[in-house]
Amino acid sequence: MPNIDRKGVRDLHLELREDACVSSDKIIEARIPEIKVVVGAVFNNAGQVLIARRAAHLHQGDKWEFPGGKLKSGESTLDALRRELFEELGIQAQAFEPLIQVHYQYPDKAVFLDALKVTRYTGTPYGHEAQPLVWAAGHELSRFTFPAASLPILKALNLPDRYLITPAPEGDDALFLSCLEDALKRGIKLVQLRAPSLTADRYCELAQAAIDCCHAHGAQLLVNSEPEWAVRLQADGVHLNSARLKAMSARPLSAPYLVAVSCHDASEIARANAIEADLAVLSPVKATPSHPTARPLGWRAFGALCTQALMPVYALGGMNINHLLQAKHCGGQGVAAIRGLWPCD
């Protein structure tokens, strides 16, 4: 994660080169000064996350937030989060994972939120500062009003770290669906049905079977097609390729449908922000056989572009599960892949 010091990187068990990702400070020079804030997503044994209501007199008062606070001068990200969680909740945080970093400009101030998952802690959280606390499941968070800067955190909490893009079915639907089911049994929870060579009727037929398969395993499926197809087929959302993204002037589907986008540069990330996309795939991070002439972004550029996104970003291009830690270290949600996540040759 770009803004964590050496000690923090060791605590996160990320055995990566210090220069693997560009630091967020280098990316946002034009928007400095920012108020740097670290927040923690603290979970209970039921998988619920803890949120607290801000005092009415504070900036964004009476809205709900994740516990945390401002970094003090000379304080590391992890030391600040440990201190804040103890002061606010009375718990001792012991282990962390990257979640998402958010740069957000309010009319009156700019903030940088460094959000981490707290994967181990001791003690029982309570409102040490008399703030109201609520444990909520991920799908329940939409019932609460959060500051705008926290909305990307909500998106990140409700998305997995692997995004499977299906290969072409090649005429054998039974084999295709069998491979899809194998992937779902291995833990895949988010799938994009990409089959550009199919006719509309064939795509819809295959999509319906794939949606049923995904839903039977508690997974979500996004159609790579026109947005209205997601509604017609009762899919979980749409994935917009770069051409469709460019043509969009506003978000094409309302919640709870997911809107995913394909991005390759800063202008497409800006467009994704403008239409309030829920997730993006950014490619190609590494060289890939399917696009041999495309120039890879590399991890530093991937990390730089992640800092500009107001949604979780997946690394795409030459990815597999072995790249998960690298992607998260660079500010990404995880990895997206075809070959790297598809269980069949």
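**View 1. Aromatic pairs, with Phe66 and Phe146 up close.** In this predicted model, the count comes to seven aromatic pairs (rings of Phe, Tyr and Trp, the last by its six-membered ring, with centres within 6.5 Å). Phe66 and Phe146 make a stacked one (planes under 30 degrees apart), with 5.5 Å centre to centre and 25° between the planes. Phe66 sits in the loop between β3 (64–65) and β4 (68–70), and Phe146, 80 residues apart from Phe66, in the loop between β7 (133–136) and α4 (151–157). Both rings belong to buried residues (under 20% relative accessible area, 1.4 Å probe, protein chains only).

**View 2. Tyr203 against Trp229.** Here the centres are 5.7 Å apart and the planes meet at 50°, so this pair is tilted (neither under 30 degrees nor over 60). Tyr203 comes from helix α6 (residues 200–216) and Trp229 from helix α7 (residues 227–233), so the pair ties together parts 26 residues apart in sequence. Tyr203 and Trp229 are both buried.

**View 3. Stepping back to the whole fold.** The protein has eleven helices and 15 strands (DSSP runs: H or I of at least four residues, E of at least two). Half the chain is tucked away: buried residues make up 50% of the 345. Of the contacts (heavy atoms within 4.5 Å) between residues at least 6 apart in sequence, 63% join residues at least 24 apart.

**Notes on the model.** Residues are numbered from 1 along each chain as its sequence is written. Local features need pLDDT of at least 70 and side-chain atom pairs 80 or more, totals for chains, interfaces and linings use all residues, and side-chain values use heavy atoms, leaving out hydrogens and water.
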